[in-house]
Amino acid sequence: MPSPIGHTLLAFSVTGFQNKSSLSMAGWYLLILIAGVAPDFDFLPGILIGDPNRFHHGPTHSILAGVVFTAFMYIIIKPLNLRAALLIFLVYLTHVLADSLSADSGAPYGVPLFWPFSPDYLISPIPVFRNFIHGGEGGGFNHFLGDVFSIHNLWAIAIEILVLGPILWISHRVRQRKV
Ligand SMILES: [Zn+2]
């Protein structure tokens, strides 16, 4: 998986910086940020039981979860129009696809994109992103934190910024020209 920083760069590459909703600017940005990392909320139940990786790369990393998340946001956030909701769905889906393009050091490898219709996990044979390590299942909270704040991950973030920074810049420039 890319880091939260990589996922955030990707999220804004998808949406651009213009406010596409009738939310406040801060509210719209916050929503993009949350949608960009939402699939990884599957760390939370594991953190609560002292095994952060227990449920990671489960059903939240699927197209169906993206649909459910978007529908939920559309219902609870009243000023969200359909176009903004579609962007939020794309941001969520981009997270899942980016995970499938990353090196993965722990089974199950990749993401269950078509869950529950297919149990298969998809992963690119050629990783685009270095793996952002975060311990392993059964490794406990200290192993999780030790990995998250490691030199390996600093390098992973640096590569993400090198790869995704220009993509974000290009998407921003293209949008500016269209305006
Ligand atoms: Zn993820």
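Contact here means heavy atoms within 4.5 Å. In this predicted model, Ser171 makes such contacts with Phe12 and Ser13, leaving aside residues up to four places away in sequence. Ser171 belongs to helix 7 and is buried, its relative accessible area being 13%. One of the two residues it touches, Phe12, also takes part in an aromatic cluster together with Phe17 and Tyr29.

The overall architecture gives these contacts their setting. The protein has seven helices and zero strands, and along the sequence the pattern reads α-α-α-α-α-α-α. Its radius of gyration is 16 Å, close to the 16 Å given by the globule rule for 179 residues, so the protein is as compact as a globular protein of that length. The C-alpha trace spans about 50 × 35 × 30 Å along its principal axes. Of the 179 residues, 45% count as buried. The protein exposes about 9500 Å², and carbon and sulfur atoms supply 74% of that area. Contacts across the sequence can be described as well: among those between residues at least 6 apart, 66% join residues at least 24 apart.

The aromatic side chains offer a route into the interior. The structure holds six aromatic pairs. One of them, formed by Phe69 and Tyr92, is tilted, with 5.2 Å centre to centre and 35° between the planes. Phe69 lies in helix 4 (residues 63-76) and Tyr92 in helix 5 (residues 82-100), so this pair ties together parts that are 23 residues apart in sequence. Both partners are covered: Phe69 is buried at a relative accessible area of 13%, and Tyr92 is buried at 3%.

A further pair joins Phe141 and Phe144 and is stacked, at 6.0 Å centre to centre and 25° between the planes. Here the two residues both lie in helix 6, three residues apart, which is about one turn of the helix. What is the accessibility of each partner, Phe141 and Phe144? Phe141 is partly exposed, with a relative accessible area of 35%, whereas Phe144 counts as buried at 10%.

Phe141 also leads to the surface. Together with Phe41, Leu44, Ile47, Leu145 and Phe149, it makes a nonpolar surface patch of about 570 Å². Membership of such a patch requires over 30% relative accessible area, and Phe141 has 35%. Helix 3 (43-48) and helix 6 (140-148) each supply at least two residues of the patch. Another member of the patch, Phe149, lies in the loop between helix 6 and helix 7 (151-178). Phe149 is exposed, with a relative accessible area of 68%.

The backbone has two features that call for inspection. Most residues other than glycine have a negative phi, and most peptide bonds are trans. His57, which is not a glycine, has a positive phi of about 60°. His57 is located in the loop between helix 3 and helix 4 and counts as buried, at 5% relative accessibility. The second feature is a cis peptide bond that joins Trp115 and Pro116, with omega about 0°. Pro116 is placed in the loop between helix 5 and helix 6.

Ile123 is likewise found in the loop between helix 5 and helix 6. Is Ile123 buried, exposed or partly exposed? With a relative accessible area of 35%, Ile123 is partly exposed. Not counting residues up to four places away in sequence, Ile123 touches Ser100, Ser102, Asp104, Tyr109 and Gly110. Ile123 and Asp99 are 24 residues apart in sequence, and their C-alpha atoms are 7.9 Å apart in space.

Taken as a path through the model, the description runs from the buried Ser171 of helix 7, through the aromatic pair that ties parts of helix 4 and helix 5 together, to the nonpolar patch to which helix 3 and helix 6 each supply at least two residues, and on to the loop between helix 5 and helix 6 that holds Ile123.

Note on methods
Residues are numbered from 1 along each chain as its sequence is written. This is a predicted model: local features need pLDDT of at least 70, side-chain atom pairs count only at pLDDT 80 or more; totals for chains, interfaces and linings use all residues. Side-chain values use heavy atoms; hydrogens and water are left out. Patches are made of residues with over 30% relative accessible area and no salt bridge: like charges are joined within 9 Å, nonpolar side chains (Val, Leu, Ile, Met, Phe, Trp, Tyr) within 5 Å. Accessible areas come from the Shrake-Rupley method with a 1.4 Å probe; for residues, only the protein chains shown count as cover. A salt bridge is a side-chain nitrogen of Lys or Arg within 4 Å of a carboxyl oxygen of Asp or Glu. Helices (H or I, at least four residues) and strands (E, at least two) are DSSP runs, numbered from the N terminus. Buried means under 20% relative accessible area, exposed over 50%, partly exposed in between (1.4 Å probe, protein chains only). Rings of Phe, Tyr and Trp (its six-membered ring) pair if their centres lie within 6.5 Å; planes under 30 degrees apart count as stacked, over 60 as edge-to-face and the rest as tilted. The radius of gyration is taken over C-alpha atoms; the globule rule is 2.2 Å times the number of residues to the power 0.38.
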